[in-house]
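The report below goes through one structure chain by chain. It covers contacts, domains, sheets and a single residue.

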Amino acid sequence: MARATTPRRKAFNTALAWAVGLVIFFPILWIVVLSFKTEGDAIRPPLEVLFDAAWTVESYGVVQERSNYVKHFSNSVIIALGSTVLGLLVAVPAAWSMAFVPSRRTKDILMWMLSTKMLPAVGVLYPIYLIFIKLGLLDTRTGLVIVLMLINLPIIVWMLYTYFREIPGEILEAARMDGAGLREEILYVLTPMAVPGIASTLLLNVILAWNEAFWTLNLTAANAGPLTAFIASYSSPEGLFYAKLSAASTMAIAPILILGWFSQRQLVRGLTFGAVK
Amino acid sequence: MGRIVLDKVNKTFGEVEVIPPLDLEIEDGEFCVFVGPSGCGKSTLLRLIAGLEDVSSGRIEIDGEDVTEVPPAKRGLAMVFQSYALYPHMTVRRNIAFPLRMAGLDREEIERRVAHAAEVLNLTAYLDRRPGQLSGGQRQRVAIGRAIVREPRAFLFDEPLSNLDAALRVGMRLEISELHNRLKTTMIYVTHDQVEAMTMADKIVVLNAGRIEQVGSPLELYRAPRNLFVAGFIGSPKMNFIEGAEAAKHNAHTIGIRPEHIEVVGEGGPWRGRVGVAEHLGSDTFFHVHDTGLAETITVRAPGEVAFRAGDTIHLSPRLEHLHRFDANGVRLA
C-alpha cells in the first residue's frame, strides 16, 4: 500500500538520500580531488586542500612517465573480457540445462557452487600459486583469465540460472506447437528472451573481474599486472605519495565507472531480476 | 478434418502410471471437454495429443494418420495455453504471424491472415502493442488468434480461462463457443470447472486418476451418471448422496438426488430437517438442511424466492423419477 507522503517528508527523504549517496561517493570524489593537487598540498587538512591548494595535472604526468598505463589497461581489458567470455561459454550451457532440464540434484549442485564462494580465497592461494608455477602460468594473462573465470563462475551460473528460470517453459512449448524447430526456437524465441539476462551477467562480471585485486596482485609481477597492480605500485613502504596514488587510482577506475554509468539501468535490472516482476 | 483417435494410450512418469491404457475417439468438428479434479491427468492427456509429452505405449491417430512419433509442429494442431504463452518480445502482429512465418508463407498471405484474425477477435487496434501492454482478456484473444491463423486440424485448449476473473470468463466462454460454431473445427478443451464443461461441450470426458469415468453429452452425464464420481462431479450444487435405510428402501447401497429434484412442501413431506444456511439468489434459493437423519447435509434448490430462514424446520419431497441408484461399488444400477 502506498503511504501518504507530505512535501516535508519528501524533502527530508531527498536530503537523506543525497547525504547517504555523498557519504558513499566521497572516497572516490576525494581521490579525484587529490589527483589534481601537488604532492605537498595533498597531505594538508581537507578544507585547505579544497580551497587553498592550486589545481594541477602534474601527478598525471609523473604517473604516465613512471609507469606504462596503456599496458596495465590492456591487461585489465583482456583479463576482464577474457574471463567473462570464457565464463559465459561454460555457464550458459550449465545454467541452461539446470533451468530447463533440472534433475533431483540441481539445487544441491547450485548450493555447492555457491558454497565455494564462502571459502576465503587466501585458503587456496598456496596450492594455486604452486600449480601456476608448475604450469608456467604465473604472471601470465592466460593464468589470470582462467583463475578469474573460475572465481566468478558460481556467480555467473547463479545469475543466468535465475534468468533462464524466468523464461516460462510454456512459451517454448508454444513455439514448438507453432511449428518452430529447435533452430527457430533458439533463434526467434529463446535468444531474444535471454539476451538481456546474458548482457547483465556479462556487465556485472566484467566489473567484478576488473576490480578483483587479491588474485591479480598475488599471481602477477611485471608482465601481466592489470590496473589493480598499477595502483598498488604507488603504495610503497617508504611512504605514500597521495597525489600520484590518487592519479593512478583515478585512471584505473575511470573506465569501469564510465561503463557502469552508461549501463546502470541494465545492471540494476540484472541484479533485481526475479525479485520483482 | 480433425478426427482424433487414442488407442490404448498410456503414460508413466518413472514408476508412476499417470494414465492407464485409455481409448477415446473424438469426431471431426466436435467440441470435446476433458474435465476432472486437479491432478486427474486431463492436462497430461492433452499434452500427449499435442505431442508435448511422449506416450509410453499406445497409438494416437489424427485423420487416420498415426502421429504417435510425429513432433508437435507436424501434427497440424494449435494450442492455447493457460498462461497464454505469448512471445513477450514480439508485438501482437508478430505473435499472431509467428506460426505462419514458421510455415514459410509469403508476406502478403501472412498480412492478410493476421488482419483477418485480428478483425475476428477485435484486436485490430492492438496489433502494434506488446503482450505486456494488454489486459488478460486481450492476451487470451491474441493466444486464440495465434491458434486460428494456422487453420489447424484441431484446437487444444489447456484451461484457457482460469487466469481470468469471473465476469470475463463467462464472456470468453461464449466467444470460444461462437468461434467453434463459426469454424466448425475440432476443439479439445481441458478444464476443472464442470460449468464450463456443461455449457460448451458436445462431448464431455470425465477423468479421475487418469481413467475415463464416463464419456457422453452434457445431458447424458447429467441424467445418467455411470458412477458416484461422475454423479458428484457433474451438476452444481452437488448431488446429494444418501446411504443406509433410506437407500435400502430403493434396493440400493447409495441413492443420489440432485438439489433441484427435491421439492419444498408444506407439512407432511416424507423428509424433514432444519435449515442450516439459506442462500437467496433471487432466481433460486439454496437450502442446506441438517438433522434429516439421511445425510449430514441435504442441499435443496428451490426456484424463486422461498422464505425459509436459518433454524426453520422444512419439509421436503424428493421427485422419485429423478432418483439415481448405486451399488456398493458406486456403480449405477439400471
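In chain B, among contacts with a separation of 6 or more, residues 24 or more positions apart account for 64%. For chain A, 77% of the contacts between residues at least 6 apart in sequence join residues at least 24 apart. The coordinates are those of a predicted model. The model scores are ipTM 0.82 and pTM 0.75, and the pLDDT of chain B averages 92, with 100% of its residues scoring at least 70.

The table sets out some overall values for the two chains.

| Chain | Residues | Buried | Helices and strands | C-alpha extent along the principal axes |
|---|---|---|---|---|
| Chain A | 277 residues | 30% buried | 14 helices, 2 strands | about 75 × 65 × 30 Å |
| Chain B | 334 residues | 41% buried | 9 helices, 18 strands | roughly 75 × 45 × 30 Å |

**Chain B: domains**

The domain assignment splits chain B into domain 1, residues 4-227, and domain 2, residues 237-326. Between the C-alpha centres of domain 1 and domain 2 of chain B the distance is 38 Å. An unreviewed UniProt entry places the feature "domain: ABC transporter" at residues 4-234 of chain B. Over residues 4-234 of chain B, 36% of the chain is helix and 26% is strand. The end C-alpha atoms of that span are 25 Å apart.

**Chain B: the sheet of 6 strands**

An open sheet with mixed pairing is formed in chain B by 6 strands, in the order S6-S7-S8-S3-S9-S10. At its edges stand strand S6 (77-80) and strand S10 (211-216) of chain B; each has a single partner strand, so one side of each is left without a neighbour in the sheet. From one strand to the next the twist averages 15 degrees.

Helix H4 of chain B, residues 136-148, packs on this sheet and touches S6 and strand S7 (154-158) of chain B. The direction of H4 makes about 175 degrees with that of S6(B).

Which strand pairs with S10(B) over 5 bridges? The partner is strand S9 of chain B, residues 203-208, and the pairing is antiparallel. Two of the residue pairs can be named. B:Leu207 has B:Ile212 in S10(B) as its bridge partner, and B:Val205 has B:Val215. S9(B) and S10(B) form a hairpin, with 2 residues between the strands. In the turn, B:Ala209 has a positive phi of about 50 degrees.

**Chain B: the sheet of 3 strands**

Another open sheet of chain B has 3 strands in the order S11-S12-S18, paired antiparallel. Strand S11 (240-243) and strand S18 (324-326) of chain B are the edge strands, and each pairs on one side only. The twist here averages 25 degrees from one strand to the next. Strand S12 of chain B, residues 254-257, pairs with S18(B) in the antiparallel sense over 3 bridges. Within S18(B), B:Phe326 is the residue opposite B:Thr254.

**Chain A: annotated spans**

For chain A, an unreviewed UniProt entry places the feature "transmembrane region" at residues 12-36, 77-97, 109-132, 144-164, 185-210 and 241-262. Two of these spans can be described further. Residues 109-132 of chain A are 62% helix and 0% strand, with the end C-alpha atoms 27 Å apart. Residues 144-164 of chain A are 100% helix and 0% strand, and there the end C-alpha atoms lie 28 Å apart.

**Chain A: Leu202**

A:Leu202 is placed in helix H10 of chain A, which runs over residues 182-211. Is A:Leu202 buried or exposed? A residue with 20 or more other C-beta atoms within 10 Å of its own is classed as buried. A:Leu202 has 20 other C-beta atoms within 10 Å, so A:Leu202 is buried.

Which residues does A:Leu202 touch, not counting residues up to four places away in sequence? They are A:Thr84 and A:Leu88. Separately, A:Leu202 and A:Lys134 are 68 residues apart in sequence, and their C-alpha atoms are 31 Å apart in space.

Note on methods
Residues are numbered from 1 along each chain as its sequence is written. Chains are lettered from A and ligands numbered from 1 in the order in which they are written. This is a predicted model: local features need pLDDT of at least 70, side-chain atom pairs count only at pLDDT 80 or more; totals for chains, interfaces and linings use all residues. Two strands pair if DSSP finds at least two bridges between them. Helices (H or I, at least four residues) and strands (E, at least two) are DSSP runs, numbered from the N terminus. Axes are lines fitted to C-alpha atoms, for helices over the stretch in contact, and angles run from 0 to 180 degrees between N-to-C directions. pLDDT is the predictor's confidence in each residue, from 0 to 100. A residue is buried if 20 or more other C-beta atoms lie within 10 Å of its own, exposed if 12 or fewer, and partly exposed in between; C-beta atoms are placed from the backbone. Two residues are in contact if their C-beta atoms, placed from the backbone, lie within 7 Å. UniProt positions are given in the numbering used here, feature names are shortened, and annotations may be inferred rather than shown by experiment. Domain bounds come from an automatic or database domain assignment.
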